[in-house]
Amino acid sequence: MESIEQVAGREALSGARRVVVKIGSALLTNDGRGLDEAAIGGWVDQIAELHRRGVEVVLVSSGAVAAGMVRLGWQARPSAVHELQAAAAVGQNGLTQCYEHHFARHGLLTAQVLLTHDDLSNRKRYLNARSALRTLVGLRVVPVVNENDTVVTDEIRFGDNDTLGALVANLLEADALVILTDQEGLFDADPRHDPVARLIREGRADDPSLAAVAGGGGALGRGGMTTKVQAARLAARSGAYTAIASGRQPEVLTRLAAGERLGTLLSPEQAPMAARKRWLAGQLQVRGTLTLDAGAVKVLRGSGSSLLAVGVKAVSGSFVRGDMVLCVDEQGHRVAKGLVNYGAEDAGRILGKPSHQIAEILGFMEAPELIHRDNLVVL
Ligand SMILES: Nc1ncnc2c1ncn2[C@@H]1O[C@H](COP(=O)(O)OP(=O)(O)O)[C@@H](O)[C@H]1O
Ligand SMILES: N[C@@H](CCC(=O)OP(=O)(O)O)C(=O)O
């Protein structure tokens, strides 16, 4: 019998309005013999069907290096970066052509979006990428995303496309990330080496025990299950469910979208949190203002941390513990808002002080942070 949570997970997939589908190298490349065009055509048919039903789909597709190798007549994956870059440049063309051709059968336009790690870590470029992707999706175009392998080096590359898929899911606040691979899902051991390995059907994206069973990839793929489990955890940050399933299952995407139990479903622990944050963001009434120093602004915006008193320069307004306050930078620009752990008077006494001094200054400590990250929403 399925638990309420499991049923809810399946329903979340069937109710998903925006989905990122990641198709891995291990699947796409016909065991190293070039792009599996027939299989690609099949996934495109399913995506087109979802599209017709009003689901927005963003595709993250690997395969450039593998396709390039075949076009160049190379038997083995090169290890030199410049050769990988060259293969990716040649292969990406073939990949784009193939998707364009198949989506055109359904009257759908595609767009090639090549991203690098830099693009998503630099706030300005991140916002640019986000608005471009949102615009494409709004225009009912299917973006086909890959890493821009030709310009990345080992130090700054995602390497695997699972991570990229998760970041795209974050970027677009997708409801689900579907990772299609060459296995039925995540097993309790690598089924390539362990014939009695069992499929894990459900789990929490933040469950640390999943990392222990996830192993590395095969000859064609990059990250194996390790990066898929990490990707699920990343995707969960924005409340997305992750399904890991076999791209070889007939009608896998449309069946998942119908709520069928296929593969492994990893649920976001933050789902209620995301809703809470949405609620927080929607609260209009604030009782006071905290002025943050530049370091605190950076941390809040960059890593979603809690707000500590040490990063606060000034307190104004009249509020008590639990009230909503606005956080501004030193120029008065809105940065965040959240539910404060200390009233205005106490907050005024601990501002600029490290958390370990709170008990000494106030004679008690409600919490080490002024606003816990769960109660904070960056604006
Ligand atoms: N616990 C596990 N369950 C399933 N597959 C696993 C596990 N650990 C490692 N793997 C390996 O991960 C591979 C899929 O990852 P990868 O080769 O990177 O493919 P992709 O290109 O689709 O990302 C599988 O072929 C399998 O051998
Ligand atoms: N960006 C690379 C894909 C990297 C890759 O193979 O990743 P994955 O499919 O996660 O194993 C390419 O297009 O060849």
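Two residues count as being in contact if their C-beta atoms, placed from the backbone, lie within 7 Å. Keep that in mind for this protein chain: among its contacts with a separation of 6 or more, 72% join residues 24 or more positions apart. What you're looking at is a predicted model, where local features need pLDDT of at least 70 and side-chain atom pairs count only at pLDDT 80 or more, while totals for chains, interfaces and linings use all residues. Residues are numbered from 1 along each chain as its sequence is written, and chains are lettered from A and ligands numbered from 1 in the order in which they are written.

**Confidence**
- pLDDT (the predictor's confidence in each residue, from 0 to 100) averages 88 over the protein chain, and 90% of the residues score at least 70.
- Where pLDDT is low, don't read the predicted coordinates in detail.
- The model's ipTM is 0.98 and its pTM is 0.75.

**Overall build**
- The C-alpha trace of the protein chain spans about 70 × 50 × 40 Å along its principal axes.
- The domain assignment (bounds come from an automatic or database source) splits the protein chain into domain 1 (4-269) and domain 2 (276-378).
- Taken over C-alpha atoms, the centres of those two domains are 38 Å apart.

**Around ligand 2**
- The shell has 18 residues (near means a C-beta atom, placed from the backbone, within 6 Å), and Gly24, Ser25, Ser62, Ala64 and Val65 come nearest.
- Helix 4 gives the largest share of this shell, three residues; helices are DSSP runs of H or I with at least four residues, numbered from the N terminus.

Technical notes
Helices (H or I, at least four residues) and strands (E, at least two) are DSSP runs, numbered from the N terminus.
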